[in-house]
Amino acid sequence: MSTIRFIHTADLHLDSPFKGMTGLPPTRLNELRESTFTAFNRLIDYAVETSPDFLLIVGDIYDGEDRSLRAQRKFQEGMEKLHEAGIPVYITYGNHDHLSGNWTRFELPPNVHEFSGEVEEVSLTVRGLDVVLHGFSYPNRHVREEMISNYPVASDNYSFHIGLLHGSIAGNDTHAVYSPFTIGELQSKHYDYWALGHIHLRQQLSEDPPIVYPGNIQGRHRNESGEKGFYEVELSKSGAVLSFVRTSAVHFGKVQIPCVNIRHANEWLANCEEALLSFATENGPSVVDVEILNLDEETAAFFAQTAEDVWLDAIREVMDGKESFVWVQRLTSTVTLHNKENNALVDSVLGQVDSWSPEQWKQVLGDLYQHVRTARYLDPLTEEDIRDLRNEVERHLLNELPTELEVIR
């Protein structure tokens, strides 16, 4: 059966500044800030080595509309390598690197096609097979209106039709909503594959046809955890085989450490070191949140003797100088209490909190998200953010309430 093979990637966010990563040693901070370029180089090297029929990049190549000179130079160098290898590249620009931005332009080699600000179609031939690509670049940052109606229905069943769309599902406000669409609208175009961008979580929304987010190639903060990379796609008229290829240079994640019957600092630090080194062995250089689980009352009392930020500094000091790069960004804990009165109060409050919808959470956090000076620095509220906030509520409740031992005294 006739197939084509291509790479689908999106959301490179080259030269992302990694805001908020204060406290990292300079060499590690530099490694983190270089990670988007490292991930991009891995993408290019893989393409040169495997020679796909073509490569699709679906929006947000650059992290900002000014498209830094360094990011453009690195991207241009990568495109030159693909040009020398005879690999065509088709790119759209998204909300971060829209066409109305102010930047000093770099000329890209002739193997690169940049989609314009209106939906257009581009035809190519791969080993005698006709391929038609449909897509557009963001003419400005805020494309709130739907664009899917401008995509034509596939005109024949012989060519491979692939849609490129940087946008999000209509009604899903866990991420900034741009160029909204429904799965049914994409399916109605009768394309063979939909190459999506904008959402940084790798996911497949449909199998018939494949509607795919590859996620970004490098996590940029704790809400972008897990493996990051791109998809290599083998597409036939009967379906697609997707192979995920990891590119991320630094892994964002969470390490959970059970701590029961811990009475000495060296015991706990040894537990942390073992867990963190194991995590780094499996995932490579990492930025992690450490969550302490199952604290009994005596262990909780032991931890309460020292401020949380001091414990955090102690973990970082233990890991400093290790061959594996592991930076602990945050430390949280869950305390298990046995005071019935306290437990009933905590359960009551948490029951109320757990009943809140995302909209109610936004109302609660309204002052923060509506503040003119802070709102621009905040990412849209996600389900993971809500879970973390809920856990913070529980932690603060437990820390403020007296334990059973204190009640007895």
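**Strands, a helix and salt bridges**

Biologist: How many of the eight residues of strand β11 are buried?
Modeller: The model is predicted: local features require pLDDT of at least 70 and side-chain atom pairs count only at pLDDT 80 or more, while totals for chains, interfaces and linings use all residues. Residues are numbered from 1 along each chain as its sequence is written, and side-chain values use heavy atoms, without hydrogens or water. Strands are DSSP runs of E with at least two residues and helices are runs of H or I with at least four, numbered from the N terminus; buried means under 20% relative accessible area, exposed over 50% and partly exposed in between, with a 1.4 Å probe and protein chains only. Strand β11 (residues 229–236) is largely enclosed by the rest of the structure, because its buried residues number seven.

Biologist: Which strand forms a hairpin with β11?
Modeller: Strands pair if DSSP finds at least two bridges between them. Strand β1 (residues 4–9) pairs with β11 in the antiparallel sense over five bridges, and Ile7 stands opposite Glu232 there. Antiparallel pairing over eight bridges also joins β11 to residues 239–246, where Arg246 is the bridge partner of Gly229. With two residues between the strands, the hairpin partner of β11 is β12.

Biologist: How far apart are the end C-alpha atoms of helix α5?
Modeller: The expected span is 1.5 Å times one less than the number of residues. For the 19 residues of α5 (residues 265–283) this gives 27 Å, which agrees with the end C-alpha separation in the model, 27 Å.

Biologist: What arc around the axis of α5 do its buried residues cover?
Modeller: The buried residues of α5 are Trp268, Leu269, Cys272, Leu276, Phe279, Ala280 and Asn283. They lie on the same side of α5, because the arc, taken from the directions from the helix axis to the C-beta atoms, is only 95 degrees. On the other side of α5, the exposed residues are Asn266, Glu274, Thr281 and Glu282. To restate the arc of the buried set, it is 95 degrees.

Biologist: How many residues apart in sequence are the parts that Asp289 and Arg222 tie together?
Modeller: A salt bridge requires a side-chain nitrogen of Lys or Arg within 4 Å of a carboxyl oxygen of Asp or Glu; for Asp289 and Arg222 the closest N and O atoms are 2.8 Å apart. Asp289 lies in strand β14 (residues 286–295) and Arg222 in the loop between β10 (210–213) and β11, so the sequence separation is 67 residues.

Biologist: Is Asp289 buried or exposed?
Modeller: The relative accessibility of Asp289 is 7%. Asp289 therefore counts as buried.

Biologist: Which residue meets Arg246 in a salt bridge?
Modeller: The N to O distance of this pair is 3.6 Å. Arg246 is in strand β12 and its partner is in the loop between β10 and β11, so the pair ties together parts 19 residues apart in sequence. Arg246 counts as partly exposed at 29% relative accessibility, and so does its partner at 39%. The partner is Glu227.

Biologist: How many salt bridges does a search of the whole structure find?
Modeller: One of them joins the side chains of Arg70 and Glu34 at 2.7 Å, N to O. This pair links helix α3 (residues 69–84) to the loop between α1 (26–33) and α2 (35–50), 36 residues apart. The search of the whole structure gives a total of 12.
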